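Me: I'm new to this structure and would love a close look at one part of it. Could you walk me through a ligand site slowly, as if I had never seen it before?

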Amino acid sequence: SSLLSLREVAKAYRGDAAPFALEVPAFELAEGEALALAGPSGSGKSTLLMMLALALPPDVGRFTFAGSDIARLWREGRRDALAALRARRIGVVPQTGGLLPYLTVAGNIGLTQRIAGCEDAARVRMLAEELGIGAQLRKRPAELSVGQRQRVAIARALAHRPALVLADEPTASVHPELADAVLALLKRECDQAGAALLVATHDPERAARAGYPVLACETHAPGADGIARSVFARA
Ligand code: ADP
Ligand code: ADP
């Protein structure tokens, strides 16, 4: 069944310098489904992910997630409800960093559980072991390699059993040789947890190699109105 549905959604930035519009005529994601969103830098991938993270309101359109009418919650200014939904149902893997330096690995992984109110130390240990960082649970992020830190971020994004995981260029900071492995690991862990997964990337070949179906955006140079457009469409 459908986890996420967008219809005729648009979001525009009206800067004088470089006005930009993102358009999503139709987009569906099923529960547990994985997909890579591909497009060059500046094509609106981060903007789309921020909307899907319930952190940025669409200008127009219909948007439902996990049975909630998101467009309506934004129209009604229900920031509390949006934040609660985000904390319970969404996990985010940042490009780089994002770990709290004064918490241990276990504390960092458990953070999403604490925020969602579902603490579960056994799940923290299980995820850490699956991701090959079971021996690092008492260490601080500064004592880890970059690849290990990114695995902590993956475990944290899944610790509270979200329905959807969002990752914006999650391999931006890892060595190219490790990037394929991190992407494959992220997909495997989401599969196992039953979470849907959206990864934004400028490298569709890498995403395809790691086993992701790829949705490429259409980009349109500024027309007579001076607005650059990107279209993400998936019926
Ligand atoms: P990507 O993630 O694909 O690089 P972004 O979503 O970051 O794309 O940006 C898409 C376009 O929107 C770019 O031209 C960017 O400069 C512009 N943009 C992004 N955020 C803002 C903002 N807050 N205000 C104005 N323009 C923005
Ligand atoms: P990415 O690395 O994903 O492409 P960017 O570097 O484009 O991200 O954007 C980083 C942050 O800066 C985002 O929060 C984005 O909204 C903001 N931003 C990007 N372009 C602009 C812009 N032209 N004006 C204002 N804010 C922007």
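How far is an oxygen atom of ligand 1 from a polar backbone atom of serine 43?

Reply: Happy to help! This is a predicted model, in which local features need pLDDT of at least 70, side-chain atom pairs count only at pLDDT 80 or more, and totals for chains, interfaces and linings use all residues. Residues are numbered from 1 along each chain as its sequence is written, chains are lettered from A and ligands numbered from 1 in the order in which they are written, and side-chain values use heavy atoms, with hydrogens and water left out.

Now to your distance: an oxygen atom of ligand 1 lies 3.1 Å from a polar backbone atom of serine 43. That is a polar contact (a pair of N or O atoms within 3.5 Å; within protein, one must be able to donate a hydrogen and the other to accept it, and residues adjacent in sequence count only if both atoms are side-chain atoms). Glycine 44 offers a backbone N or O atom 3.0 Å from an oxygen atom of ligand 1. The side chain of tyrosine 13 has an N or O atom 3.5 Å from a nitrogen atom of this ligand. On its own, ligand 1 exposes 560 Å², of which the protein buries 58% (accessible areas come from the Shrake-Rupley method with a 1.4 Å probe; for residues, only the protein chains shown count as cover).

Let's step back to the surroundings. Around ligand 1 you will find Tyr13, Phe20, Pro40, Ser41, Gly42, Ser43, Gly44, Lys45, Ser46 and Thr47, where a residue is near if one of its heavy atoms lies within 4 Å. By class, this shell has three nonpolar, six polar and one charged residues (Ala, Val, Leu, Ile, Met, Phe, Trp, Tyr, Cys and Pro count as nonpolar, Asp, Glu, Lys and Arg as charged, and the others, Gly among them, as polar). Helix α1, residues 45-52, gives the most to the shell, with three residues; helices (H or I, at least four residues) and strands (E, at least two) are DSSP runs, numbered from the N terminus.

Ser46 also leads us to ligand 2, which is surrounded by Ser46, Met50, Gln95 and Asp168. An oxygen atom of ligand 2 is 2.5 Å from an N or O atom in the side chain of serine 46. The protein covers 22% of the 560 Å² of accessible area that ligand 2 has on its own. Its shell is made up of one nonpolar, two polar and one charged residues.
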